Every structure is written in structure tokens, then in C-alpha cells.
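Open the model in your viewer and keep the selection panel at hand. The tour goes from helix pairs to sheets and ends with the whole chain.

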Amino acid sequence: MPDLPNAEIIIIGGGAVGLGVAYALARAGKADILLLERADAVGQVTTAQGAGLCGQVRDNVERIRLAMHSVGIFRELQRSTVKPDWHEVGSLRVALNERRAAEFQQLKRAADAAGLETALLDPKRAASLWPLMDFSCAKSILWCPSDGWMTPAHVALSYEHASRQLGVRVATGTFVEEIIVKNGHVSGVNTNRGVAECRWVINAAGAHAYHVARLVGLDLPIVPVRHEYYITVPMAGLSNELPCFRIPELTLYGRARDGGLLLGGWEAKALNTDPREYPLRGAPPPVETDWKVLNSFEESFAKLFPTANGVEKKTIGKGWPTFTPDGRFIIGESSRVNGFVMAGGCNAHGISGSGGIGKLLVESLVDPKPSAYVRSLSPDRFTETKWDWNDARRQAAHVYETYYGV
């Protein structure tokens, strides 16, 4: 693609979110799309850092159905030539106290209302699904058989392949330098490879979504928050087909991966960075491996899986997923700049929620009367109100820190 073509829609960002949005729009008949990615290939930045778990249990019906839609998309893509490596192994959510067990009852009712199959298991049944884990201290165990995991880089490639088949064009190695606005409406982008005209620009730039919004004069509190997990060397008895697991009181999640254990968690004191302190052409500060945090994950998990204690950590996953002060996506067109559309602030649901985010984006652009929920995700909730950056960073970090809050 020596010269960039014009398109009705230009998407900035070739991660799971940008590609999921492209796929959703193309399926909805909006296939005149040009997706721009600054790296030499799609899925190389935030997406590549993901752990790849996909859970559907949420505390309200609307969010559950969005997660169910994402699973439906992964199933669909798994039948294609380029697969997302989707493994529908199910998931176990383990409660260690009575308060959390009561929450599981509420989650079960929400799942029932949404049509999501779940079941409350006794420790014996849970142990038959995850034989090496000790469930004797569990007060409740919530099982969702249609949860699973995928390989994040494969998800991006699968979306790219499926989108190209529907007519979407993808330009890698392309850096957006300017968004051209005429008479209050987006008219194109200026890049290192020239100018391309468009009707809409969709900002799916991940940790650079703040900077892309600034190109049209919008200030949005999209805060990168550090996240880490580790993968051990192979361990006897671990298979990739074991269920995923989540232990909210210990703020831990994990699964078997490549014969070893993938274990991650949510820190009680989150480290975040200010996107105003690095430029559009730059990158967030490097994430230095925090062994104190990773070792605390291991120590906590040893209560249920003692044999994992002290096992060599082969790989460290780390990055800067973005969070918002209210813990909700920023999706939809700005009322200040017509044609500028947000698809960011994913609160660690970018990969697993990419199918649902695409659905929301389609509704926000195509449906003449989008739902109240979609309207509530608008960037206008920040551009048309007063807020403070220091407060926004604290609140976004709090969303991370209370990820498994009751």
C-alpha cells in the first residue's frame, strides 16, 4: 500500500480493540475501512502483553451479554482459516469467605437472567475439574463452562484476516501525525505515509488513546496502570485444557499455559503513569519486573496450590492496560468534534471484550437510537464536565485495585 487510500472510516490502532471494531463494522456492512497501525504488524503492543483469559460472569445482565457476544465472536473466528486459538475450557471462581459466597449467589442470578450457563459446585466436583488444586477452604465455587482462553497475538491475526476478507484494508508501519478537522468535522488524517480522507476516525490507540484524542483538542482521563503476571516452567499434571480460575479474595487469576502455570493478580497499591508525560511518538515508561509483587501472588496462591510454591518463573508478562476513573469504556462519537469516535479505556477488558466493544461501537455509529447504556459510555461524560487529573489517576488506580471488589 504505497499511498494511503481514502476511506469512510479510519481506525487508529491495530490491537485487539481496533481490529475487533473493524471486524464488527465490516460485518454490519460498513466495510470501507482503513486501519492504521504504527508497528510493523498488528497486535504487537498492549494486545501482546495480555494473559488471554475470557470470563463472562459479571454483576449485571448487560455486561454479561456483551461478554457472551465476545465468546460468540471467538467461536466464529475459531472456525476460520486463521484462528484466535480459542479454548473453551470453562472457569472456576472460588470464594474463600461467606461474604464472597453471597456475592456468588448474586452473580449466579445475573447469569441466569442473561441466559449464561453457570453452576455452583461443591469442592469435590471442583477438584474433579482441577485435580491439583485444594478446594477444602472454599465457601462457594462458581463454574462457567463456556468461559475460556485464547492466545492474544493470534486473536489480532484472526481479526485481521477475517476483516481483510470483508474488504477492510490494513496499513502497518503507519504513524498518525495529525487529524484534519474542517468546520468542526473530521475530514482525514495526515501520516508519515501521506494524507487519507475519511468521514470518521476511530481512536483505538490503547496507551496512546489519550494522545490521539489530544490531536482534536479533547482531554480524556485514560490512565495506564501497571499489570503483571508470570508463567512457570512446565509442571506435572498441568494441561492447557484445565479450566481458568479466579480467586477474588486473593485478587488472583490464572490458568495452565504451555504445561506451566500462568498466574496474575491485581495489586492493592497500583502503579500508574501519567499519559501527559510521554509523547505520541514515544511510549509509556518501561515496566520493570516487580518481584515483590509477583512473589506475593505465588505466596497467596500456595494456600490452594502448594506445589506451585518455588517453581521457576519462565516468562513475565507486563504492560500498561488503560483504566478510566469510573471503570467504564469510552465509546462513541464526540459531540465536540463530529466524526471523532472513541474506542478506548478498556479497563483490562480489551482482548476478552473486543467482540462486545465492537458491538457497542456499531450500535453507537449505526443505530439511530442507541441504548441508554451505549450513550452512557460517550466521551462527552468527560469533555462536558469538570474533573482533575490527579483525582482521575487516583480513581482509575482504585478501579484496578478493587477489580474483584464486592
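At what angle do helix α1 (residues 16–27) and α5 pack, and how far apart are their axes? The angle is about 25°, and the axes lie 9 Å apart. This is a predicted model, so every value on the tour is computed from predicted coordinates.

**Stop 1: α1 and α5**

Select residues 16–27 for α1 and residues 152–165 for α5. Angles under 35 degrees count as roughly parallel, and α1 and α5 are therefore roughly parallel to each other. The crossing in which α1 passes α5 is left-handed. To see the contact, show side chains for Ala 16, Leu 19, Gly 20, Ala 22 and Tyr 23 on α1, then Ala 156, Tyr 159, Glu 160, Ala 162 and Ser 163 on α5. Coloured by class, the contact of α1 with α5 shows seven nonpolar, two polar and one charged residues.

**Stop 2: α2 against α5**

Keep α5 selected and add α2, residues 61–78. How do the axes of α2 and α5 cross, and within what distance do they come? They cross at roughly 70° and come within 11 Å. Angles of 65 to 115 degrees count as roughly perpendicular, so α2 is roughly perpendicular to α5. From α2, the residues to display are Ile 73, Phe 74 and Leu 77; they meet Val 155, Ser 158, Tyr 159 and Ala 162 in α5. The contact of α2 with α5 comprises six nonpolar residues, one polar residue and no charged ones. Tyr 159 and Ala 162 of α5 also appear in the contact with α1.

**Stop 3: α2 against α8**

Hide α5 and bring in α8, residues 354–366. Here the packing angle with α2 is about 110°, and the axes are 6 Å apart. That makes α2 roughly perpendicular to α8. The crossing of this pair is right-handed. On the α2 side, pick Leu 66, His 69, Ser 70, Ile 73 and Phe 74; on the α8 side, pick Ser 354, Gly 355, Gly 356, Lys 359 and Leu 360. Which classes make up the contact of α2 with α8? Its residues divide into four nonpolar, five polar and one charged. Ile 73 and Phe 74 of α2 meet α5 as well.

**Stop 4: the eight-stranded sheet**

Switch to a cartoon view and follow the strands in the order β5-β6-β4-β15-β16-β17-β14-β18. These eight strands form an open sheet with mixed pairing. Which strands are at the edges? They are β5 (119–121) and β18 (313–319), each paired on one side only. On average, neighbouring strands of the sheet are turned by 20° against each other, direction ignored.

Zoom in on β14, residues 227–232: six bridges join β14 to β18, and the two run antiparallel. Within this pair, Thr 232 stands opposite Lys 313 in β18. Now add helix α7, residues 291–301. Helix α7 lies across β14, β15 (244–247), β16 (252–257), β17 (260–265) and β18, and runs at about 60° to β14.

**Stop 5: the three-stranded sheet**

Next, select the open sheet with the order β9-β10-β11, in which pairing is antiparallel. The edges are β9 (176–182) and β11 (194–197); each has a single partner strand, so one side of each is left without a neighbour in the sheet. Neighbouring strands here are turned by 25° against each other on average, direction ignored. Four bridges connect β10 (residues 185–191) to β11, and this pair runs antiparallel. Asn 190 stands opposite Val 195 in β11.

**Stop 6: the whole chain**

Finally, show everything. The protein has eleven helices and 21 strands. Its radius of gyration is 21 Å, close to the 22 Å that the globule rule gives for 406 residues, so the protein is as compact as a globular protein of that length. Along the principal axes, the C-alpha atoms fill a box of roughly 65 × 45 × 40 Å.

Note on methods. Residues numbered from 1 in each chain as written. Predicted model: local features only at pLDDT ≥ 70, side-chain atom pairs only at ≥ 80, totals over all residues. Heavy atoms only, no water. Axes fitted to C-alpha atoms, helices over the stretch in contact; angles between N-to-C directions. Parallel < 35°, antiparallel > 145°, perpendicular 65-115°, else oblique. Left-handed = near helix turned anticlockwise from the far one by under 90°. Contact = heavy atoms within 4.5 Å. Nonpolar A, V, L, I, M, F, W, Y, C, P; charged D, E, K, R; others polar. Pairing = 2+ DSSP bridges. Rg over C-alpha atoms; globule rule 2.2 N^0.38 Å.
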